[in-house]
Amino acid sequence: MGFLQGPLTARCYRVEADPPEGFRAVFPEALNAHAFHEPMSKAWREEVVGWVVTQNLLDTHFERVETWLFNQYAFFSLRVDKKALPAKYLKALLDKRIEAWCQETQAKACPRDVRADLKDALEIELLAKTLPRVQVTECVWNLAERTVWFHSTSEKANERFRRIFHQTFGLVLLPDNPLEWVDETQAEALAGGGAPDLAVEVLP
Amino acid sequence: MTDIAPVLPHLTPEFLTWLWYATERDMGSFALPEGGRFDAWVDDRLSFRTADDDRPRAVLTGENPSGSLEARAALAGGKLVRDLRLGLRREEREYSLVLRGGTLDLQGAKLPGMFKGHEEEALFDRMFLLEELRWLVRTLFQHFAAERTGAAWETDVLPRMQRWVAGEDG
């Protein structure tokens with residue numbers, strides 16, 4: 001479900017400025033520079049974030065403008081991968097490894113540093129075999145209207161999106177604040193004086 | 001990076017409560033800025049929260065929840081409208097959405113039409129509809145702001161809303 005079909009769950013932003021002159025040449029480079037890339041090692045566990053072409057999350061090359069720019073709409077996605085190990089399974093395997101080490105060395109207990117080394121080795125082994133959890137979230141930038149829609153209302157996802165958008169394009173995303181939909185006098189009146197919650201005020 | 005301008009938390013429940021009231025008072029018909037009208041109604045969901053907790057404390061669903069005694073009782077008991085499912089119609093285009101949070105995010109917004117053409121055409125059509133939907137919500141908020149900050153708020157609108165909450169609106 002996303003901008004092309006199905007119900008939409010999205011937050012709207014205003015972009016602080018127009019896209020730069022010659023953005024058709026500048027943006028592919030910017031997107032490529034912040035595109036999603038698999039880490040070199042297979043045993044990574046930190047979050048990996050980057051842009052992908054919406055039509056296929058494995059497509060991370062933005063040179064072909066026609067794959068992501070449609071008239072005034074720039075349409076691409078943010079991919080976030082993260083690997084997580086099942087804690088109980090990890091502990092059970094570690095206990096087995098410790099037991100095996102104790103038998104092999106005929107030690108009564110496993111020293112703390114050996115336990116840490118065994119745990120590190122086990123995590124690396126498991127992470128290399130684990131597929132990441134993959135999240136892909138679409139965004140649409142109306143370049144003519146200076147608005148951006150991001151297909152998530154999660155605060156964490158939106159914070160991450162705003163950060164990488166700024167890193168990529170050098171433009172700040174501002175929330176589409178309802179106070180900016182009304183004239184200044186009304187906005188000041190609505191904002192000022194700590195207006196009471198209506199539902200309390202209307203209590204009989 | 002510029003900090004986000006603060007979004008005032010009290011405005012959303014006030015706006016949603018006014019919207020619920022205004023859809024009943026005005027028979028769900030609202031003026032557009034450039035002329036013409038559109039329809040708005042509270043659809044099949046209303047949820048309430050307490051003043052100090054954003055979690056929903058009462059959720060009413062099904063047919064016409066806004067007309068139920070429970071809904072008015074929640075307001076009368078001091079609960080705030082947390083979110084509601086709103087129906088909107090302009091010309092032949094009908095929308096359904098939940099508005100939530102200080103920036104009135106869209107939750108589960110349903111746009112009219114079924115798009116089976118090329119992806120590019122679908123994007124143009126859906127973005128046109130999404131932008132119209134946001135514009136209609138913006139128009140409703142502008143109606144709210146005009147009433148909320150107008151001279152008649154204290155003398156006319158608020159007393160009428162109090163009677164509406166108390167079920168004395170005829």
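Helix H4 of chain A, residues 155-169, comes out at the expected length: its 15 residues should span 21 Å at 1.5 Å a residue, and the end C-alpha atoms are 21 Å apart, which agrees. The expected span here is 1.5 Å times one less than the number of residues, and helices (H or I, at least four residues) and strands (E, at least two) are DSSP runs, numbered from the N terminus. This is a predicted model, so local features need pLDDT of at least 70 and side-chain atom pairs count only at pLDDT 80 or more, while totals for chains, interfaces and linings use all residues. Residues are numbered from 1 along each chain as its sequence is written, and chains are lettered from A and ligands numbered from 1 in the order in which they are written.

H4(A) has a clear inside and outside. A:Asn158, A:Phe161, A:Arg162, A:Phe165 and A:Phe169 are buried, a label for residues with 20 or more other C-beta atoms within 10 Å of their own (exposed means 12 or fewer, partly exposed is in between, and C-beta atoms are placed from the backbone). These buried residues cover an arc of only 100 degrees around the axis, so they sit on the same side of H4(A); the arc is that of the directions from the helix axis to the C-beta atoms. Their cover includes S1, helix H1 (23-33), S4, S5, S6 and S7 of chain A, with contact taken as C-beta atoms, placed from the backbone, within 7 Å. On the face turned away from the buried side are the exposed residues A:Lys156, A:Glu159 and A:Gln167. Just after the helix, A:Gly170 takes a positive phi of about 70 degrees.

Strand S1 of chain A turns up in several pairings, where two strands count as paired if DSSP finds at least two bridges between them. Within chain A, S1(A) runs antiparallel to S6(A), residues 147-150, with four bridges, and A:Arg14 has A:Thr147 as its bridge partner there. S1(A) is also antiparallel to S7(A), joined by three bridges, and A:Tyr13 has A:Pro175 as its bridge partner in that strand. Across the chains, two bridges link S1(A) to S6(B), again antiparallel, and A:Ala10 stands opposite B:Leu106 in S6(B).

That brings in the interface. Here 39 residues of chain A are in contact with 48 residues of chain B. On the chain A side, the elements giving two or more residues are strands S1 (8-15), S4 (73-82), S5 (133-142) and S7 (173-175), plus helices H5 (184-191) and H6 (198-201). S1(A) gives the largest share, five residues. By type, the chain A side divides into 28 nonpolar, seven polar and four charged residues; Ala, Val, Leu, Ile, Met, Phe, Trp, Tyr, Cys and Pro count as nonpolar, Asp, Glu, Lys and Arg as charged, and the others, Gly among them, as polar.

As for domains, chain A is assigned domain 1 (11-84 + 132-201) and domain 2 (87-129), with bounds that come from an automatic or database domain assignment. The C-alpha centres of domain 1 and domain 2 of chain A lie 42 Å apart.

Over in chain B, helix H1 (residues 11-25) has 15 residues and reaches 20 Å from its first C-alpha to its last, close to the 21 Å expected at 1.5 Å a residue. H1(B) is mostly covered, with 13 of its 15 residues buried. Just after H1(B), B:Met27 takes a positive phi of about 55 degrees.

Chain B also has positive phi values in its loops. B:Glu91, in the loop between strand S4 (80-90) and strand S5 (93-100) of chain B, has phi near 50 degrees, a positive value in a residue other than glycine. B:Glu91 counts as exposed because 8 other C-beta atoms lie within 10 Å. For B:Leu104, in the loop between S5 and S6 of chain B, phi is likewise near 50 degrees. B:Leu104 counts as buried because it has 25 C-beta neighbours inside 10 Å.

Finally, B:Gly113 lies in the loop between strand S6 (105-110) and helix H3 (119-148) of chain B. B:Gly113 is exposed, since 12 other C-beta atoms lie within 10 Å. B:Gly113 and B:Glu168 are 55 residues apart in sequence and 40 Å apart in space, C-alpha to C-alpha.

Methods. Contact = placed C-beta atoms within 7 Å.
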